[in-house]
Amino acid sequence: MTVCKRLLSTCHSATRIVSAIQPTGEPHLGNYLGALKHWISLQEQHQDCVFGVADNHVFTSKTNSAKQVRQNTHSQVAVLLSLGLDPERVILYKHSAVLQHTALAWLLSTAATSG
């Protein structure tokens with residue numbers, strides 16, 4: 001089942017937790033204390049959690065090579081799984097794999113300009 005179909009099939013939930021982390025480098029203690037340990041506890045408390053690796057957002061900061069972004073993304077996913085994030089209990093996705101996100105961002109940026 002694709003990420004979009006799985007997201008749509010669970011829209012009945014009253015509370016959905018959505019969070020993502022950028023793969024800008026090696027995961028560190030700040031990532032763990034600031035977000036990752038909370039993700040692990042949230043999967044225990046809530047039925048409907050969506051966690052992702054926001055690899056598209058890496059390009060809004062200092063640009064790494066595509067190869068480095070891929071390596072960092074794989075490393076980040078490995079860390080999430082090793083910390084106990086369970087893809088059977090949460091939706092875990094790679095941002096760039098959801099093409100609709102990029103299409104929606106483009107549509108919104110042309111129709112709802114800022115400033």
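This report describes the sheet, the helices packed on it, the salt bridges and a nonpolar surface patch in a predicted model.

## The sheet

Three strands make up an open sheet with parallel pairing, in the order β1-β2-β3. The edge positions are held by β1 (17–21) and β3 (91–94); each has a single partner strand, so one side of each lacks a neighbour in the sheet. On average, neighbouring strands of this sheet are turned by 20 degrees against each other, direction ignored. In general, the strands of a sheet pair through backbone hydrogen bonds, in either a parallel or an antiparallel manner.

Strand β2 (residues 49–53) runs parallel to β3 and is joined to β3 by four bridges. Across this pairing, Phe-51 of the chain stands opposite Leu-92 in β3.

## Helices on the sheet

Helix α3 (residues 66–83) packs on the sheet and touches β1, β2 and β3. The direction of α3 makes about 145 degrees with that of β2. Helix α2 (residues 29–45) lies across β1 and β2, and runs at about 145 degrees to β1.

The two faces of β3 differ in cover: Ile-91 and Tyr-93 form the covered face, whereas Leu-92 and Lys-94 form the uncovered one. Side chains in a regular strand alternate between the two faces of the sheet.

## The surroundings of Val-53

Val-53 belongs to strand β2. The relative accessible area of Val-53 is 1%, and the residue is therefore buried, the limit for that class being under 20%.

Which residues is Val-53 in contact with, leaving aside its neighbours within four places in sequence? They are Ile-21, Pro-23, Thr-73, Gln-76, Val-77, Leu-80, Tyr-93, Lys-94 and His-95. One of these partners, Thr-73, is 20 residues from Val-53 in sequence, while the C-alpha atoms of the two are 6.8 Å apart in space.

## Salt bridges

How many salt bridges does a search of the whole structure find? The search finds two. Side chains of opposite charge can pair when their charged atoms come close.

In one salt bridge, the side chains of Asp-48 and Arg-16 meet at 3.1 Å, N to O. This pair links distant parts of the chain, 32 residues apart: Asp-48 is in the loop between α2 and β2, and Arg-16 is in the loop between α1 (3–9) and β1. Asp-48 has a relative accessibility of 6% and so counts as buried, whereas Arg-16, with a relative accessible area of 28%, is partly exposed.

The side chains of Glu-44 and Arg-89 also meet in a salt bridge, at 3.2 Å, N to O. Here too the pair links distant parts of the chain: Glu-44 lies in helix α2 and Arg-89 in the loop between α3 and β3, 45 residues apart. Arg-89 counts as partly exposed because its relative accessibility is 36%, and that class lies between 20% and 50%.

## A nonpolar surface patch

Leu-29, Tyr-32, Leu-33 and Leu-83 make a nonpolar surface patch of about 360 Å². With three residues, α2 gives the most to this patch.

Is Leu-29, a member of the patch, buried or exposed? Leu-29 is placed in helix α2, and its relative accessibility is 59%, so the residue counts as exposed.

Technical notes: Residues are numbered from 1 along each chain as its sequence is written. This is a predicted model: local features need pLDDT of at least 70, side-chain atom pairs count only at pLDDT 80 or more; totals for chains, interfaces and linings use all residues. Side-chain values use heavy atoms; hydrogens and water are left out. Two strands pair if DSSP finds at least two bridges between them. Axes are lines fitted to C-alpha atoms, for helices over the stretch in contact, and angles run from 0 to 180 degrees between N-to-C directions. Contact means heavy atoms within 4.5 Å. A salt bridge is a side-chain nitrogen of Lys or Arg within 4 Å of a carboxyl oxygen of Asp or Glu. Buried means under 20% relative accessible area, exposed over 50%, partly exposed in between (1.4 Å probe, protein chains only). Patches are made of residues with over 30% relative accessible area and no salt bridge: like charges are joined within 9 Å, nonpolar side chains (Val, Leu, Ile, Met, Phe, Trp, Tyr) within 5 Å. Accessible areas come from the Shrake-Rupley method with a 1.4 Å probe; for residues, only the protein chains shown count as cover.
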